[in-house]
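Could you walk me through this model in my viewer, one selection at a time? I would like to know what to click on next and what I will find there.

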Amino acid sequence: MTPFKRIYEDLKRMGASIDIHDPLFEDEEIFGTQTTTLENAVTNSDCIIIGSPHSEFKKLDFNILSKSCHKPAAL
């Protein structure tokens, strides 16, 4: 089991609304949640959790990413 599943389950139990983006699982469900685009997943987010070391995530410009989030946002 991925360590992220426990984080996901804890956040859901606390009432969080969660969007998931995973470039390896586009248009699929992960933990019962339909995956979405990176843009949709981060837009108006309060918190972003990167749960895997995919090369796409390693190349992210966090300054650009933060412009889509609520202020302040946690990463």
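Start by selecting Glu-56, keeping in mind that this is a predicted model. Its relative accessible area is 30%, so Glu-56 counts as partly exposed. You will find Glu-56 in helix α3, which covers residues 55-58.

Now show the side chains around this residue. Leaving aside neighbours within four places in sequence, Glu-56 is in contact with His-21, Pro-23 and Leu-38. Zoom in on His-21: its side chain and that of Glu-56 are joined by a polar contact of 3.1 Å. For a sense of scale, draw a distance from the C-alpha atom of Glu-56 to that of Cys-69; the two residues are 13 apart along the chain, and the atoms are separated by 19 Å.

Next, select Thr-33, in strand β2. Is Thr-33 buried or exposed? With a relative accessibility of 11%, below the 20% cut-off, Thr-33 counts as buried. Display what surrounds it: beyond the neighbours within four places in sequence, Thr-33 is in contact with Tyr-8, Ile-18, Ile-20 and Glu-28. Pick out Tyr-8 from that group, as the side chains of Thr-33 and Tyr-8 make a polar contact at 2.4 Å.

Stay with Tyr-8 and turn to the rings. The whole structure holds two aromatic pairs. One of them brings together Tyr-8 and Phe-31, with 5.1 Å from centre to centre and 45° between the planes, a tilted arrangement. This pair links distant parts of the chain, 23 residues apart: Tyr-8 sits in helix α1, while Phe-31 lies in the loop between β1 (29-30) and β2 (33-34). Colour the two by accessibility and you will see Tyr-8 as buried, at 6%, and Phe-31 as partly exposed, at 27%. Add Phe-4 to the selection as well, since ring pairs link Phe-4, Tyr-8 and Phe-31 into a cluster.

Phe-4 also leads to the last stop, the largest pocket. Which residues lie nearest the centre of this pocket? Select Phe-4, Ile-18, Asp-19, Ile-20 and Ile-49 to mark the spot; the whole lining has 29 residues. The volume of the pocket is about 730 Å³.

Finally, colour the lining by residue type: 17 residues are nonpolar, nine are polar and three are charged. Then highlight helices α1 (3-13) and α2 (38-42), each of which supplies at least two lining residues. The largest share, three residues, comes from α2.

Conventions. Residues are numbered from 1 along each chain as its sequence is written. This is a predicted model: local features need pLDDT of at least 70, side-chain atom pairs count only at pLDDT 80 or more; totals for chains, interfaces and linings use all residues. Side-chain values use heavy atoms; hydrogens and water are left out. On a 1 Å grid over the protein atoms alone, a cavity is a set of points where a 1.4 Å probe fits but cannot get out, and a pocket is an open set with protein on both sides within 12 Å along at least five of seven lines; lining residues have an atom within 4 Å of a point. Grid points are joined across faces, edges and corners, and a volume is the space filled by probe spheres set on the points. Helices (H or I, at least four residues) and strands (E, at least two) are DSSP runs, numbered from the N terminus. Ala, Val, Leu, Ile, Met, Phe, Trp, Tyr, Cys and Pro count as nonpolar, Asp, Glu, Lys and Arg as charged, and the others, Gly among them, as polar. Rings of Phe, Tyr and Trp (its six-membered ring) pair if their centres lie within 6.5 Å; planes under 30 degrees apart count as stacked, over 60 as edge-to-face and the rest as tilted. Buried means under 20% relative accessible area, exposed over 50%, partly exposed in between (1.4 Å probe, protein chains only). A polar contact is a pair of N or O atoms within 3.5 Å; within protein, one must be able to donate a hydrogen and the other to accept it, and residues adjacent in sequence count only if both atoms are side-chain atoms. Contact means heavy atoms within 4.5 Å.
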